[in-house]
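Let's take a walk through this model together, from helix packing to the finer points of single residues. Have the sequence and the coordinates at hand.

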Amino acid sequence: MELKLNIYNKKREIEKTYATNDYEVMYGTVEDLLDCLDLEALTNNGDTDGIIAAASRLLRARADVINPLLFDIFPGLTAEELRRTKTREVLDVIVGLTGFSIDQIKSLTFRKR
């Protein structure tokens, strides 16, 4: 799973890109993400305004979970750089990570001991 976050300069040009292909998702991270996501609102049958509103509430209300997660995913990312990212790209990282986590949970197989 590739996760990528662009940092923009004042001219809104990409100044720097953080990327990772090997982020190991910890159980607590999945738990935090699922607790703070309003999956129903984010998948509301094409209601773009509803999705944007839900995403906006998520980013404001759960910065305490999302920001440390982003700093963990992208070592070296600073708070100042995070302020110069596009909201859509932050959401892409969160959605990508959440989807990957859910796929991992679905693919679990239990073996007999």
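## Two crossing helices

In this predicted model, the axes of α4 and α6 cross at roughly 80° and come within 12 Å. An angle from 65 to 115 degrees counts as roughly perpendicular, so α4 is roughly perpendicular to α6.

Which residues make this contact? On the α4 side they are Ile66, Leu69, Leu70 and Ile73. From α6 come Val90, Val93, Ile94 and Leu97.

## The nonpolar core

Two of those α4 residues, Leu70 and Ile73, turn up again in the largest nonpolar core, where they join Phe74 and Leu77 as the residues with the most contacts inside it. This core has 19 residues. At least two core residues each are supplied by β1 (3-8), α4 (63-73) and α6 (87-106). The largest share, five residues, comes from α6. As a general backdrop, nonpolar side chains in soluble globular proteins tend to be buried together.

Leucine 77 is a good place to pause. Setting aside its neighbours within four places in sequence, leucine 77 is in contact with Leu5, Ile7, Tyr18, Leu70, Phe71 and Leu82.

## The β1–β2 hairpin

Leu5 and Tyr18, both contacts of leucine 77, also meet each other: tyrosine 18 in β2 is the bridge partner of leucine 5. The strands β1 and β2 (residues 14-20) run antiparallel and are joined by six bridges.

Five residues lie between the strands of this hairpin. Arginine 12 sits in the loop between β1 and β2, and this residue has a positive phi of about 60° although it is not a glycine. Is arginine 12 buried or exposed? The cut-off for exposed is over 50% relative accessible area, so arginine 12, at 70%, is exposed.

## A buried glutamate

Glutamate 81 belongs to helix α5 (residues 79-82). Buried means under 20% relative accessible area, so glutamate 81, with 8% relative accessibility, counts as buried.

What does the side chain of glutamate 81 reach at 3.1 Å? Its partner there is the backbone nitrogen of threonine 78. Leaving aside neighbours within four places in sequence, glutamate 81 is also in contact with Ile7, Lys16, Tyr18 and Gly76. Ile7 and Tyr18 are familiar by now, as they are among the contacts of leucine 77 too.

Terms used: Residues numbered from 1 in each chain as written. Heavy atoms only, no water. Core = buried A, V, L, I, M, F, W, Y, C linked by side-chain atoms within 4.5 Å. Buried < 20%, exposed > 50% of the residue type's maximum accessible area, 1.4 Å probe, protein only. Helix = DSSP H or I, 4+ residues; strand = E, 2+ residues; numbered from the N terminus. Contact = heavy atoms within 4.5 Å. Pairing = 2+ DSSP bridges. Polar contact = N/O pair within 3.5 Å; in protein donor to acceptor, adjacent residues only side chain to side chain. Axes fitted to C-alpha atoms, helices over the stretch in contact; angles between N-to-C directions. Parallel < 35°, antiparallel > 145°, perpendicular 65-115°, else oblique.
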